[in-house]
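The exercises below ask you to work from the chains shown here, one step at a time. Please attempt each task before you read its solution.

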Amino acid sequence: MSVKGTLKTKWFWYSVLCIISWGGWTIFGKLASNEIPASTMQFLFPFGCLPVVVPLIVSRHFRLERNAKGISYGIGNGVLAGIGSFALFAAYRTGGNTAVITTVTALYPLITVVLALLLLRERLTLLQVLGLAFAVAAFAIFSL
Amino acid sequence: MHMASWFLPAVVVLLTWGIVGLFQKLSTNYLSAESALIWLVVGYFLLLPWLYPSKSVFEYSTRNLLLTMLSAGLNTLGAWALLAAMKSGGKASIIVPLTALYPVVVVLLGPLVLKETITRLQGVGVLCALVAVCLLSS
């Protein structure tokens, strides 16, 4: 698809909204972490999610799938994502460079790829192998 | 070897979010992406007893409390936008690496909003990491 064509698609602009939102999430999180401890920030975090989640629940007429496995994974996701988010605020609070911390923590697909390889017996694509090499280079540079 | 104080918490982020990436894949085998997002927020709430603040949250400045709430809202809005992008017919193989570029916003706005600059070497590291994120998400 041409650039002009891509610019007319909905998915592209939703993706841009996602990038801007997540950029704002990290910048505002960093600013607030200068005063508020990481644990308190993570305590407040779920309440800040409600303005997005409540309309989502209402739009589904309060109907959610009741698959026990899916719900377990979903809640497990929330617990782990919450711990990760708490650790991110703790990292910001150390006063380290925000751009570096944000970029390093955005490397989490590295762990997902390795876990998928080990647990789901998925195979790495050539691009992912190349990605691993770049991730190792980034870690080596940041540890200098 | 000197280790920056942010490094250990950053490793916790990598590990937990790395597992989240895997769980997300598994949860959406059984649930719609919207339901998975809703249950994720339920998981956030389950952590509250362990995070209960030792002092009243109202002792902090209103500005920073609002920034915290805004940060959380934007995080969830971003997750919703990602779902919406997928639903609008975009290919996951393009959308996921594209949206993984959100640190670029911080790199670009950091000097303006946070008054932080990065060294040339850190810049190379950031570039390597961004390329890695895109390739790993592909």
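**Exercise 1. The make-up of chain B**

What percentage of the 138 residues of chain B count as buried? Work this out together with the helix content and overall dimensions of the chain.

Solution. Keep in mind from the start that this is a predicted model. Of the 138 residues of chain B, 50% count as buried, where buried requires 20 or more other C-beta atoms within 10 Å of the residue's own. Next, turn to the secondary structure: chain B contains seven helices and zero strands, so that its elements, read from the N terminus, follow the order α-α-α-α-α-α-α. The C-alpha atoms occupy a box of roughly 40 × 40 × 30 Å along the principal axes. Finally, when the contacts in chain B between residues at least 6 apart in sequence are considered, 58% of them join residues at least 24 apart.

**Exercise 2. The interface between the chains**

Describe the side of chain B that touches chain A, in terms of residues, elements and composition.

Solution. Begin with the counts: 96 residues of chain B are in contact with 95 residues of chain A. The elements of chain B that give two or more residues to this side are helix H1 (7–27), helix H2 (33–46), helix H3 (48–51), helix H4 (62–87), helix H5 (92–99), H6 and H7. Among these, H4(B) gives the most, with 18 residues. As for composition, the residues on this side of chain B divide into 68 nonpolar, 26 polar and two charged.

**Exercise 3. Two helices called H7**

Examine H7 in each chain, asking for its length, its buried residues and what covers them.

Solution. In chain A, H7 (126–142) has 17 residues and reaches 25 Å from its first C-alpha to its last, close to the 24 Å expected at 1.5 Å a residue. Its buried residues are A:Gln128, A:Gly131, A:Phe134, A:Ala135, A:Ala138 and A:Phe142. Seen down the axis of H7(A), these buried residues fall within an arc of 115°, and therefore they line one face of the helix. The general background is that an α-helix has 3.6 residues a turn, so residues three or four places apart point the same way. On the other side of H7(A), A:Leu126, A:Val129 and A:Ala140 are exposed. The cover over the buried residues of H7(A) includes H5 and H6 of chain A together with H7 of chain B.

In chain B, H7 (residues 120–136) has 17 residues and reaches 24 Å, close to the 24 Å expected. Its buried residues are B:Gly125, B:Val126, B:Cys128, B:Ala129, B:Leu130, B:Ala132, B:Val133, B:Leu135 and B:Leu136. What covers them includes helices H5 (98–105), H6 (109–119) and H7 (126–142) of chain A, together with helix H6 (103–114) of chain B.

**Exercise 4. Positive phi in two loops**

Where do A:His61 and B:Lys115 lie, and are they buried or exposed?

Solution. As background, most residues other than glycine have a negative phi. A:His61 nevertheless has a positive phi, near 55°, and lies in the loop between helix H3 (38–59) and helix H4 (68–93) of chain A. A:His61 is exposed, with 6 other C-beta atoms within 10 Å. B:Lys115 likewise has a positive phi of about 55° although it is not a glycine, and is found in the loop between H6 and H7 of chain B. B:Lys115 is exposed too, with 7 other C-beta atoms within 10 Å.

Terms used
Residues numbered from 1 in each chain as written. Chains lettered and ligands numbered in written order. Predicted model: local features only at pLDDT ≥ 70, side-chain atom pairs only at ≥ 80, totals over all residues. Helix = DSSP H or I, 4+ residues; strand = E, 2+ residues; numbered from the N terminus. Expected span 1.5 Å × (residues − 1). Buried ≥ 20, exposed ≤ 12 C-beta atoms within 10 Å, placed from the backbone. Contact = placed C-beta atoms within 7 Å. Nonpolar A, V, L, I, M, F, W, Y, C, P; charged D, E, K, R; others polar. Arc of directions from axis to C-beta.
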